[in-house]
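Me: I am new to this one. Could you show it to me and then explain the words used for it?

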Amino acid sequence: MLEAESAAWREWAAMVYPPQRGLRLALDPVVGQALAELPADLVLVSTYTPAELEPLLPALGWETLPPLVPMPYTARTHYMRVDDPGRSPEAAGGLHWRAEELISWARTHDRPVAWVRAGDHHKAEVRHTSAYLPTVGPVLAHAVVPAAGITAADLQSLRTWAEKMHALPDPEAVAPRRCRDCGSRDTTVVTGRRVDRVHARCGSCCECYCPGPGDTTFQPCGDLMSE
């Protein structure tokens with residue numbers, strides 16, 4: 001276990017509510033290496049930027065940072081511990097939005113996703129959010145005991161789950177279709193398959209013809225068939 005220095009960590013520690021004494025950032029490179037060796041692609045759920053995280057690479061046991069999950073709504077909510085110590089006043093609400101961001105990201109992937117987090121409060125959020133934002137692959141909410149960190153038992157549990165997920169049949173491939181003009185599309189999941197929201201006749205994501213960015217006059221889809 002190594003005590004690591006990080007300007008971003010020190011900034012957060014000064015804002016913890018209620019104030020805590022003796023907070024230390026301790027990371028184990030052996031655990032980080034073991035995570036990277038799991039039969040899965042490692043991604044990082046972090047509110048810090050790559051530049052803020054790079055000084056911690058030796059303590060994390062990584063040569064480079066894994067890809068970061070985009071979090072447009074909670075990107076600056078650094079700490080969401082729902083139970084003490086170090087409780088954030090808006091922890092429960094922040095965790096709800098974090099779950100939505102993570103599952104929205106999972107919806108863009110056809111593979112299972114495991115969310116590893118200290119504490120077990122995210123389990124209920126994953127169940128709740130998955131009910132109205134279904135994903136193609138399962139989403140596992142794996143809870144880690146905060147005082148112990150990621151243990152050998154956690155690693156074995158994650159390895160077993162990943163191997164079980166690898167044994168599942170591959171999902172049916174999705175052929176993306178875009179609106180020919182606006183270039184955007186929306187995606188949802190129906191009966192375990194990711195599908196695009198497109199109109200059957202014209203193949204448009206917005207069920208209209210988009211003449212230009214400043215033109216709000218829409219033509220019926222039938223008018224597009226002769227284009």
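Reply: Gladly! Among contacts in the protein between residues at least 6 apart in sequence, 59% join residues at least 24 apart; a contact means heavy atoms within 4.5 Å. This is a predicted model, where local features need pLDDT of at least 70 and side-chain atom pairs count only at pLDDT 80 or more, while totals for chains, interfaces and linings use all residues. Residues are numbered from 1 along each chain as its sequence is written, and side-chain values use heavy atoms, leaving out hydrogens and water.

Me: What makes R111 and D41 a salt bridge?

Reply: The term asks for a side-chain nitrogen of Lys or Arg within 4 Å of a carboxyl oxygen of Asp or Glu. For R111 and D41 the N to O distance is 2.9 Å, so the pair fits the definition. The two sit 70 residues apart, R111 in the loop between α5 (91–106) and β3 (113–118), D41 in the loop between α2 (29–36) and α3 (50–53).

Me: Why is D41 called exposed?

Reply: Exposed means over 50% relative accessible area, buried under 20%, and partly exposed in between (1.4 Å probe, protein chains only). D41 has 56% relative accessibility, so D41 counts as exposed.

Me: Which other side chains meet in a salt bridge, and where do R98 and E101 lie?

Reply: R98 and E101 meet at 4.0 Å, N to O. Both lie in helix α5, three residues apart, about one turn of the helix.

Me: How do you know whether R98 and E101 are buried or exposed?

Reply: R98 has a relative accessible area of 8%, so R98 is buried. E101 has 5%, so E101 is buried too.

Notes: Helix = DSSP H or I, 4+ residues; strand = E, 2+ residues; numbered from the N terminus.
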